[in-house]
Amino acid sequence: MTFLQIDLPAISVAILAALTAALVGNLLILRRQALMGDALSHMVLPGIVAGYLISGHPKTWVTIACALVAGLFGAAVVALIRKIGRLDMATAMGVVLTAMFAAGVLMIETTGTAGVHLDVEHALYGSIESVIWPHPMTWVDILNPDGWGHLPEEIPFLAGTFAILSAAFLLTAKEITLVTFDPSFGITLGLPFWVTELAINGAVAIAVVAAFDAAGSILVIAMLICPAATARLTTNRFSSQIWASLFFATTAAIVGYCLAVWGAAALGASSAVNAAGGIACVAGLILGIAAVWRRWLQHST
Amino acid sequence: MSPEIRALLQSEELHAPLDRQSPLDVSGLTVAYGSAPAVWNVDFKALPGTLVAIVGPNGAGKSTFLKGTLGLVPTIDGRIGSYGLPIPKVRQRIAYIPQRESVDWEFPATAIDVVTMGLYRQIGWLRPIRRRHKEIALSALAELGMADFADRQIGQLSGGQQQRVFLARAIAQDADLYLMDEPLAGVDAATERTIVALLQRLVSSGKTVIAVHHDLSTVKEYFDQALLLNVRNIASGPVGQALTEETLQRAYGGRLAPPQLRAALG
């Protein structure tokens, strides 16, 4: 029974990574900064390398903290370039993301960290399929606390990140609405621009770093944008926007994984295709369907 | 500029103390975008309980003046006070209605969500919105005849309705000074009458309203005081004194056609 040991933990990681990315993706979509997620996922690279050099292991809180610092630094530089250089968002992001990504590559090459974990293939596709939980033999075993200690580290790590980000989201939903809808009014009420800017970019950086390691950049970037964009096409309420994005993220993770693993075989492929790629494709497909559906609605009314 | 010189320039010897009565006491406000000054050395003192129009040609720095006083754009120089205190200490007493362009109309917020934002300081940061806050917001919407549209997404309302929602937000805020960037821009005649009546009611209850206004022909009818701006303060005071043929021609660089001029002078 390989489902419990291989597919269940893999689907769990996919869902948790998708939920984490989709939650903060709402911030990006609502602020019309969809590419900031892409930029941040590149800007954190020097932080990840620095964290690895300090701690000697790619998956530690030190690495996360360093990546977060790099992400916040990058976001601050983008904001600074926009303000001082009077450049538009895309230009400022383009400059900072290439410079910081290049710095990260240089750090890898000069410090001999190459090949450890930061190879291109891994970074793009992630390693959802390699997550295994050997413990459960039957469905009942899942509930047995003895096996929880052997859970693949990705699952508690992503679940914890998602829980923390969700709590932060609930706590600041009112403030997020204010600074996104009417930023100058927010400033006149005394909500400082820099604080909100750093908090929002910090949340995105945390989600990107946490999900990136397990799921790879294709899945993370797709999940930052597609579920929130789909939700944007289906509702005009803030709370339904968030719930809908989480629903679409979960759906894409489950359907995408199943299609990649069993659908490809059913269609005659000799082996399963990459799960992260399958999930990203399904997320894009759902977005496409929502766009067509909305157009059809507008035409029929 | 060295800190000593900056301190000297802002010291009490060079400036009169901030006026405790005045809702907005501005001296020497200068704002520049790049190297071009948008607002240059403007002094202006609003009297409490008055309806003040900020008038001037396009690019005269009307919006920038409001943004500069509120700290929304970086200022080069100037002392800004409200009721004798610097702006950050009196935010609770100031309500701001921004220009239409600075708001994201696509955002998934309903009319009542927007009005509730006026209560955020009262609710407190990171604290939840309660039912009573929604009730205050709803009654503010009702005051502008918008109660039926409370659950409509803000972008789906007409320009006049959107402006009423923003006014309701300012009312809910229960401020003493209202700074409005073109509250009558793009609204229908009925909404214009509603808004002007509301502003006059606010003023008669002792509040102060300062609004950027683009229609010269209605300044004298609607407003008590005027600040005629073209980068500098060209004239200010009671509308009758501030807007004369001479000051208007100076502010508009002689570009006003005789009918416009006659309309402005009422």
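Which side chains meet in a salt bridge at 2.8 Å, N to O? In this predicted model, the partners are A:Asp182 and B:Arg169. A:Asp182 is placed in the loop between α7 (154-181) and α8 of chain A, and B:Arg169 in helix α6 (residues 159-173) of chain B, so the pair joins two chains. Both A:Asp182 and B:Arg169 are buried.

## The interface of chains A and B

The size of an interface is often given as the accessible area lost when the parts come together. Between chain B and chain A the buried area is about 2700 Å², and carbon and sulfur atoms give 64% of that area. On the side of chain B, the residues that lose the most area to chain A are B:Phe107, B:Pro108 and B:Trp125, which together account for 25% of what that side buries. In terms of contacts, 24 residues of chain A meet 33 residues of chain B.

The rule finds 2 salt bridges across this interface. A:Arg32 pairs with B:Asp104 in a salt bridge, with 2.6 Å between the closest N and O atoms. The pair of A:Asp182 and B:Arg169 likewise joins two chains, because A:Asp182 lies in a loop of chain A and B:Arg169 in helix α6 of chain B.

A:Thr188 also has partners in chain B. This residue belongs to helix α8 (residues 183-188) of chain A and counts as buried because its relative accessibility is 3%. Neighbours within four places in sequence aside, the contacts of A:Thr188 are B:Leu70, B:Leu72, B:Arg91 and B:Tyr96.

## Salt bridges

Side chains of opposite charge can pair when their charged atoms come close. Over all chains, a search of the whole structure finds 11 salt bridges. Four of the pairs are set out below.

| Pair | Closest N to O distance |
|---|---|
| A:Arg32 and B:Asp104 | 2.6 Å |
| A:Asp182 and B:Arg169 | 2.8 Å |
| A:Lys174 and A:Glu175 | 2.9 Å |
| B:Lys134 and B:Asp113 | 3.5 Å |

Within chain A, A:Lys174 forms a salt bridge with A:Glu175. A:Lys174 is buried, its relative accessible area being 7%, and A:Glu175 counts as buried at 6% relative accessibility.

Within chain B, the side chains of B:Lys134 and B:Asp113 meet in a salt bridge. B:Lys134 is found in helix α5 and B:Asp113 in helix α3 (residues 111-116) of chain B, so this pair ties together parts that are 21 residues apart in sequence. B:Lys134 is partly exposed, with 30% relative accessible area, and B:Asp113 is partly exposed, with 22%. In addition, a network of salt bridges links B:Arg93, B:Asp174, B:Asp176 and B:Lys207.

## Nonpolar cores and a surface patch

In soluble globular proteins, nonpolar side chains tend to be buried together. Here the largest nonpolar core has 138 residues, and those with the most contacts inside it are A:Ile128, A:Met223, B:Leu141, B:Val165, B:Leu228 and B:Leu248. Helix α9 (residues 193-234) of chain A gives the most to this core, namely 17 residues. Another core lies apart from it and has 27 residues, including B:Phe44, B:Ala46, B:Phe65 and B:Val212.

Which residues does A:Met223 contact, leaving aside its neighbours within four places in sequence? They are A:Ala18, A:Ala21, A:Ala22, A:Ala249, A:Ala252, A:Ile279 and A:Ala283.

On the surface, A:Leu80, A:Ile84 and A:Trp194 form a nonpolar patch, and their accessible area together is about 320 Å². A:Leu80 is part of helix α4 (residues 61-85) of chain A and counts as partly exposed, at 43% relative accessibility.

## Backbone and spacing

Two residues of chain B other than glycine deserve mention for their phi values. B:Asn41 has a positive phi of about 50 degrees. This residue lies in strand β2 (residues 36-45) of chain B and is partly exposed, at 47% relative accessible area. For B:Val231, phi is positive and near 65 degrees; B:Val231 occupies the loop between β9 (225-230) and β10 (232-238) of chain B.

Two C-alpha to C-alpha separations complete the account. A:Ile289, in helix α11 (residues 275-300) of chain A, counts as exposed at 55% relative accessibility. A:Ile289 and A:Thr230 are 59 residues apart in sequence and 8.8 Å apart in space. B:Ser139, in helix α5 (residues 131-143) of chain B, counts as partly exposed at 44% relative accessibility. B:Ser139 and B:Glu106 are 33 residues apart in sequence and 25 Å apart in space.

Key:
Residues are numbered from 1 along each chain as its sequence is written. Chains are lettered from A and ligands numbered from 1 in the order in which they are written. This is a predicted model: local features need pLDDT of at least 70, side-chain atom pairs count only at pLDDT 80 or more; totals for chains, interfaces and linings use all residues. Side-chain values use heavy atoms; hydrogens and water are left out. Patches are made of residues with over 30% relative accessible area and no salt bridge: like charges are joined within 9 Å, nonpolar side chains (Val, Leu, Ile, Met, Phe, Trp, Tyr) within 5 Å. Accessible areas come from the Shrake-Rupley method with a 1.4 Å probe; for residues, only the protein chains shown count as cover. A salt bridge is a side-chain nitrogen of Lys or Arg within 4 Å of a carboxyl oxygen of Asp or Glu. Helices (H or I, at least four residues) and strands (E, at least two) are DSSP runs, numbered from the N terminus. Buried means under 20% relative accessible area, exposed over 50%, partly exposed in between (1.4 Å probe, protein chains only). A nonpolar core is a set of buried Ala, Val, Leu, Ile, Met, Phe, Trp, Tyr and Cys residues joined through side-chain atoms within 4.5 Å. Contact means heavy atoms within 4.5 Å. Buried area is the accessible area (1.4 Å probe) that two parts lose on being put together, summed over both.
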